[in-house]
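Subject: Structure handover

Hello,

Here is the structure I promised you. Please open it alongside this email, and my findings follow below.

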Amino acid sequence: MKYWLMISGYKTSSYEMARRLKDWDPSISAIAGPGVKKGDTVLLWRGGKGGGIVAIGKIADTTPAPSSRRIQLEHKDHEGAIDSEEGPARATIDFDKLLLAAPISSDALRAAGYGDVWRRAWSSDAVGGLIPLSMPDYQRRSFVRLADQEQHPTEWPATWNIPPGSVVRRSNLHDVYGGNPRVAAGPSGKTPNAFFFLDPRRSSALALKWGESGLTAPGHGQTDGEPSTENLAVLAHLRRGVPLRGFLTQGPECFYLGEFAVDLRQPVERWVVTGT
């Protein structure tokens with residue numbers, strides 16, 4: 001089993017992301033070099049202050065990269081049989097351990113002896129690709145234990161100072177954390193976060209619903225069938241490596257529900273035509 005590093009698009013704005021993802025696919029995938037296999041481990045890195053490893057997952061599937069020329073490398077073994085190694089592949093990734101609000105920092109990686117991980121992350125700008133990592137077996141066994149040692153960032157802009165259950169004025173929230181105070185969903189603007197705001201008084205098709213699998217809630221109103229830049233900031237929060245913060249609103253105030261993650265198996269339940 002190999003380890004791969006993926007650099008998130010945290011510094012990519014939702015507007016840039018919208019232009020790139022015209023045919024938006026909710027699954028997370030990346031181009032990897034030869035040797036990538038189903039079951040390999042992927043570490044997601046978010047740069048900037050308070051960044052680090054923000055998610056750990058596995059390669060769920062691989063297909064030949066459609067936009068690159070496949071290169072067939074062949075050599076004969078001692079008995080004359082031919083082995084082959086294909087060229088670049090597109091790997092689909094399932095991130096099952098999220099550390100978006102409490103990353104494994106550069107300091108923690110260095111202290112634990114994972115020098116190759118943070119060096120490769122800091123020296124790379126290959127957003128969206130998979131970078132092979134050199135990690136001995138003993139480090140692989142201890143990496144999961146390192147991820148379980150939750151350490152929330154204490155420095156701005158990654159620190160978060162609003163505990164679940166708090167009531168804040170929405171204008172004050174945006175003054176501190178940035179973002180558009182007039183949208184139902186969008187990026188923070190000043191910090192590595194994404195926001196969604198819910199009106200509990202809505203009824204009928206746009207009512208929010210709590211269920212066993214989580215929360216189903218309306219996104220930001222839009223006029224066509226592709227995700228708007230506001231909705232994309234929420235739908236693609238994991239690609240950007242940022243936490244998704246949910247609020248209930250009533251007048252000028254909002255109640256902080258806590259951190260959420262979009263269900264990538266069904267990120268959009270359905271489209272509702274409201275006539276407005």
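Arg-270 and Glu-269 join their side chains in a salt bridge, with 3.2 Å from N to O. This is a predicted model, so please read every contact below as computed. Arg-270 is partly exposed, at 46% relative accessibility. Glu-269 is partly exposed too, at 41%. The pair also belongs to a network of salt bridges that links Lys-209, Glu-269 and Arg-270. Side chains of opposite charge can pair when their charged atoms come close.

**Other salt bridges**

How many salt bridges does the structure hold? The count is 6.

One of them joins Asp-148 to Lys-97, and the closest N and O atoms are 2.9 Å apart. Asp-148 sits in the loop between helix 4 (137-147) and strand 9 (167-169), while Lys-97 sits in strand 7 (residues 89-98), so this salt bridge ties together parts that are 51 residues apart in sequence. Asp-148 has 49% relative accessibility and counts as partly exposed. Lys-97 has 25% and also counts as partly exposed.

Arg-265 forms a salt bridge with Asp-263. Here the closest N and O atoms are 3.7 Å apart. Arg-265 is exposed, because its relative accessibility is 78% and the cut-off for exposed is over 50%. Asp-263 is partly exposed, at 35%.

**The six-strand sheet**

Now the fold. The protein chain has 7 helices and 15 strands.

Of these strands, 6 form an open sheet with mixed pairing. The order is 2-7-4-3-1-8. Which strands lie at the edges? They are strand 2 (28-32) and strand 8, and each pairs on one side only. On average, neighbouring strands in this sheet are turned by 40 degrees against each other, direction ignored.

Look next at strand 1 and strand 3. They pair in the parallel sense, over 5 bridges. Tyr-3 is a good place to start, with Thr-41 in strand 3 as its bridge partner.

Helix 3 packs on this sheet. It touches strand 1, strand 3, strand 4 and strand 8. The direction of helix 3 makes about 150 degrees with that of strand 8. Helix 4 packs on the sheet as well, touching strand 1, strand 3, strand 4 and strand 7. The direction of helix 4 makes about 130 degrees with that of strand 4.

**The buried side of helix 3**

Which residues of helix 3 (residues 115-123) are buried? Gly-115, Val-117 and Ala-121 are. These residues cover an arc of only 165 degrees around the axis, which means that they lie on the same side of helix 3. An α-helix has 3.6 residues a turn, so residues three or four places apart point the same way.

What do the buried residues of helix 3 pack against? Their partners are strand 1 (3-7), strand 3 (41-46), strand 4 (52-64), helix 2 (106-111) and strand 8 (130-133).

**The five-strand sheet**

There is also an open sheet of 5 strands, again with mixed pairing. Its order is 9-15-14-11-10. Strand 9 and strand 10 (185-187) are the edge strands, each pairing on one side only. Neighbouring strands of this sheet are turned by 35 degrees against each other on average, direction ignored.

Strand 14 (residues 244-250) and strand 15 (residues 253-260) run antiparallel, joined by 7 bridges. Find Phe-247 and look across to strand 15, where Tyr-256 is its bridge partner.

Helix 5 (residues 170-177) packs on this sheet. It touches strand 9, strand 11 (194-198), strand 14 and strand 15. The direction of helix 5 makes about 75 degrees with that of strand 9.

**Whole-chain figures**

The protein chain has 276 residues, and 41% of them are buried. The accessible surface comes to about 15500 Å². Carbon and sulfur atoms account for 50% of that surface. Take the contacts between residues at least 6 apart in sequence: 69% of these join residues at least 24 apart.

Best wishes

Notes
Residues numbered from 1 in each chain as written. Predicted model: local features only at pLDDT ≥ 70, side-chain atom pairs only at ≥ 80, totals over all residues. Heavy atoms only, no water. Salt bridge = Lys/Arg side-chain N within 4 Å of Asp/Glu carboxyl O. Helix = DSSP H or I, 4+ residues; strand = E, 2+ residues; numbered from the N terminus. Buried < 20%, exposed > 50% of the residue type's maximum accessible area, 1.4 Å probe, protein only. Arc of directions from axis to C-beta. Contact = heavy atoms within 4.5 Å. Pairing = 2+ DSSP bridges. Axes fitted to C-alpha atoms, helices over the stretch in contact; angles between N-to-C directions. Areas by Shrake-Rupley, 256 points an atom, 1.4 Å probe, with all protein chains shown as cover.
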